[in-house]
Amino acid sequence: MAASDYDVAIVGGGLVGVATAWGLAREGCRVALLDEGDRAVRASRGNFALVWVQSKGLGLAAYAGWTVRSSNAWTGFAATLKEETGLDVCFQRPGGFHLALSERELEARANILNRLHNQPGIVDYKTEILDHSQVAKMLPDIGREVVGASYCPLDGHVNSLRLFRTLHTAIHTRGVKYLPSHRVESIVREGGEFRLGTTQGEVRAGRVALAAGNANMQLAPMVGLEAPMKPERGQIVVTERLRPFLHYPVVTLRQTDEGTVMIGDSKEESIDPAGLTLGVSATEAERAVRQFPLLANVNVVRTWSAIRVMTQDGFPIYDESETHPGAFVLCCHSGVTLAANHALTVAPMIARGALDKTLVAPFSARRFHVQEAG
Amino acid sequence: MTGPSDLSSSYDLVVIGGGPAGLAAAALAARAGVSTVLFDENPGIGGQIYRGITSTPIKNRAVLGEDYWAGASLAAEAKASGAQIVTGATVWSLDPSRQVGVSIGGEARMIQAHRVIIATGSLERPFPIPGWTLPGVMTAGAAQTALKAHGLVPEGRVLLAGSGPLLWLLAAQLLRAGTTIETILDTTPRSNWLRALPHLADFLLSPYWSKGLALLREVRAKVPVIPVQRLSAHGEGKLQHVEYQSAGKDYRRQADMLFLHQGVVPNVNLANAAGVAHRWSERQLCFEPVLDVDSGSSVSGISVAGDGAGIAGGTAAVERGRIAAIAAVRAVKPSASVPDPQSVRQRLQREELGRGFLDALYRPADMFRLPEGETIVCRCEEVMAQQIHDMAAKGCEGPNQMKAFLRCGMGPCQGRLCGLTVTELIANERHTRPADVGYYRLRPPVKPITLAELASLPISEAERKAVER
Amino acid sequence: MFKRLGETASIVTIEVDGKTVRARTGDTVAAAMLAGGIDHCRTTPVSGAPRAPYCLMGVCFECLVIIDGIGSRQGCLIPVRDGMRVETQQGKREAGR
């Protein structure tokens, strides 16, 4: 196959890129997925695997609706992937908790949720504030210091590493050309197609979709787009496998289907992906033990830090280029939660050649200029 | 016993590992007046080669041989040197600022070191044959530890399999202890003799030559040795029989115990997590740290000594420990008198003389490094060779992506028993070199600690704010 | 499995899954179990397959057992104490013990 024989080249082999690649392949497109190598800064290997709704969208009501849409699409998305690959990504939506360890934390929580749900145009769903005894009915192992929680029945989680593997398996079966160690260094539009200069030669495609996480900031201007990013580091602590004890995800603590407990999450300004701050892990551990005292003697087998993909205002960016028709950019923090949308909603738009403004207009990067002007 | 509260908050030198390199390094530094602490996670000092040297129940010196007992003076020297020696102390973290995380009796402490010598030694190269996870299959090193530290010998139908000097040493020690070894299945490829031949002259000058020959004679006189090209272990719930292929024919043999060995490789986990640069050694088929002439690593103030710096054996480890210690003393206390490093280097060169021959002769066959099909590669997460092949064929280029896809290396052993296999399998499938594939990126804790221990560590206001919000 | 070379002077008694096992002072838990004829120390949390000590030097984590009520301890690194209660660990560890 000649290098120019792709309908769409996707830049970025993370969850956003691979979900979009799968969606495009389902639409019959010939797709190339360009990725970096084994040691790339890779947010998809470092996420917390929540399919999360509660508290998202304060400041941009449309984001709440977009999130609920993906959450609702997840059951079908997971089932389709299982049909295609035989792999179960273990999507569950039992509802999720955000635990508070003091009255002050609980008040702050209630306040955020009030402001969120009072926004004009907000999608209609419930998040409740529960006291200790109400939480204890669903999470019997919580510690005495847990004063209460917010609970949203739409929240869920998934095995995100298996999702990553499942999507890679599925695109392989569907004939997507996966090109690792093809770091993209230049993109030009010439003769009605895009020419992507990579570390391993040129790749040509009719359309290009940028899904390179924080690196979209450098790539987007090459095709007349912009992606103002503000990366940050997060750290996670992971325990050994345990028998099931926790049947609901908590925003900072969840038990995977394999039995391990993931404990998060921090926000640090450092963007050195190799660095790790033990005091941050210690804080996470200390809060986890206060939330679930039975975890005190459990062994920590891994910690890691990863760089969050974060736009400057924290909301997704979906845009198409006016100067370079056929170029798209996709940026978001929640590559797991929004995977269903990327595969089932955004990919078909790219296949058709235009974004559906009724769905994604609020997520154009033009919003950053509006704020500047105001 | 030393507890966490007996430790200072900082030391001039922290030595990690109490084998020959660590003991020699701690002794030299402490005698030069440098405040030194040595941590070892085992119940006693000696490392693996001198395991149980201060406590072994074996009284007949001939069983373990004089090379073993040489460790006694090394241990005595370290104890008399003034170095603080803490056993049962697991170092689980080391960062580039030389903060050392250590856990003793379920309590974690952070110690600041001015200099660090990593002397964590080696571990046995993975030997991923079908059935290697069955109870009854152990490493040759495990049998040696059982003998040295606990006076235990295997019973029933005992088989040894593999390649390398340690296998022969174990066989001789077991025979001297009265154990019957049914047979030794020798996996050394015949073609290795051709590879080794150019190194023969050096080998003949080395101390390995006469010792090795005597050992081979001693063992071969009592145990049949069968060259094999295939090997697998079988049984329901535990080892019951071994199958092998020799000279093109298949055999099956009842067995109760099978001890495997195909050389040792550096235990790189702590150095890797500390950010020390490593490189692939094509000669020894493993990753080893990149070091300067003083054993200094790419991270300032951190050196690596002994077999963790690349396999050279126990007596060489002593000299390498001294070289690292001399550099540490000179950095911390320039006025102190230390031995001339040049004379130490000369002794080291003599010790290293026969290594090229041994590396070539005992280079393990591809067959026993590159498993196939349902053979387990990652023992912790039970990841099979075929899964690694499949993901590599789909474009997975390295062990870190493989870990994300398949969970290999994610269990409690943190890749120690699968890392090299995964790297080599990917290189093989993708027609690249292990040097290009690389190794797992490791992070603390390199050995598990409890959540409560992690929670007990010092936390700054900024670190707390990064989480509470 | 393994037998002792000669008799040992100093004996302690530990309990493994309710069964009394004699050990030498200075034994690790894993060594005592091997000498006591206990053929596996755990089943895996993945497939439930039985596993026994493999390396005896702290790197393989096959010898994980429950010691005095606390799970996932490395039997090859922990010396026996008279009266110690050891249990083989079945599959995934239970949180809280």
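The exchange below takes up the interfaces of a predicted model and the terms used for them.

Reader: What should be known about the model and its numbering before the values are read?

Author: This is a predicted model, in which local features need pLDDT of at least 70 and side-chain atom pairs count only at pLDDT 80 or more, while totals for chains, interfaces and linings use all residues. Residues are numbered from 1 along each chain as its sequence is written, chains are lettered from A and ligands numbered from 1 in the order in which they are written, and side-chain values use heavy atoms, with hydrogens and water left out.

Reader: Why is B:Asn400 called buried or exposed?

Author: Buried means under 20% relative accessible area, exposed over 50%, and partly exposed in between, with a 1.4 Å probe and protein chains only. B:Asn400 has a relative accessible area of 8%, and is therefore called buried.

Reader: Where is B:Asn400 found, and which residues does B:Asn400 touch?

Author: B:Asn400 belongs to helix α14 (residues 399–406) of chain B, where helices (H or I, at least four residues) and strands (E, at least two) are DSSP runs numbered from the N terminus. Leaving aside residues up to four places away in sequence, B:Asn400 touches A:Asp38, A:Arg39 and A:Arg45 of chain A, together with B:Tyr439, B:Tyr440 and B:Arg441, contact meaning heavy atoms within 4.5 Å.

Reader: How do you know what area is buried between chain A and chain B?

Author: Buried area is the accessible area (1.4 Å probe) that two parts lose on being put together, summed over both. For chain A and chain B this comes to about 4,100 Å², of which carbon and sulfur atoms give 57%, and 53 residues of chain A are in contact with 46 residues of chain B.

Reader: What makes A:Arg287 and B:Glu468 a salt bridge?

Author: The rule asks for a side-chain nitrogen of Lys or Arg within 4 Å of a carboxyl oxygen of Asp or Glu. The closest N and O atoms of A:Arg287 and B:Glu468 are 3.2 Å apart, so the pair satisfies the rule. Across the interface of chain A and chain B the rule finds 4 salt bridges. On the side of chain A that touches chain B, α5 (160–173), α7 (278–291) and β15 (299–308) each supply at least two residues, and α7(A) gives the most, with 13 residues.

Reader: How do you know that A:Arg243 and C:Glu94 meet in a salt bridge?

Author: Their N to O distance is 3.3 Å, which lies within 4 Å, and therefore the pair counts. Between chain C and chain A there are 2 salt bridges, and these chains bury about 980 Å² between them, 51% of it on carbon and sulfur atoms. In chain C, the residues that lose the most area to chain A are C:Lys92, C:Arg93 and C:Ala95, together 59% of what that side buries.

Reader: What makes A:Arg162 part of the contact between the domains of chain A?

Author: An automatic or database domain assignment provides the bounds, giving domain 1 (6–49 + 161–229 + 313–373) and domain 2 (94–154 + 230–308). These two domains of chain A bury about 1,000 Å² between them, 61% of it on carbon and sulfur atoms. A:Phe48, A:Arg162 and A:Asn214 supply 49% of the area that domain 1 buries against domain 2, more than any other three residues. The side chain of A:Arg162 also meets that of A:Asp257 at 3.0 Å, N to O, and so the pair is a salt bridge.
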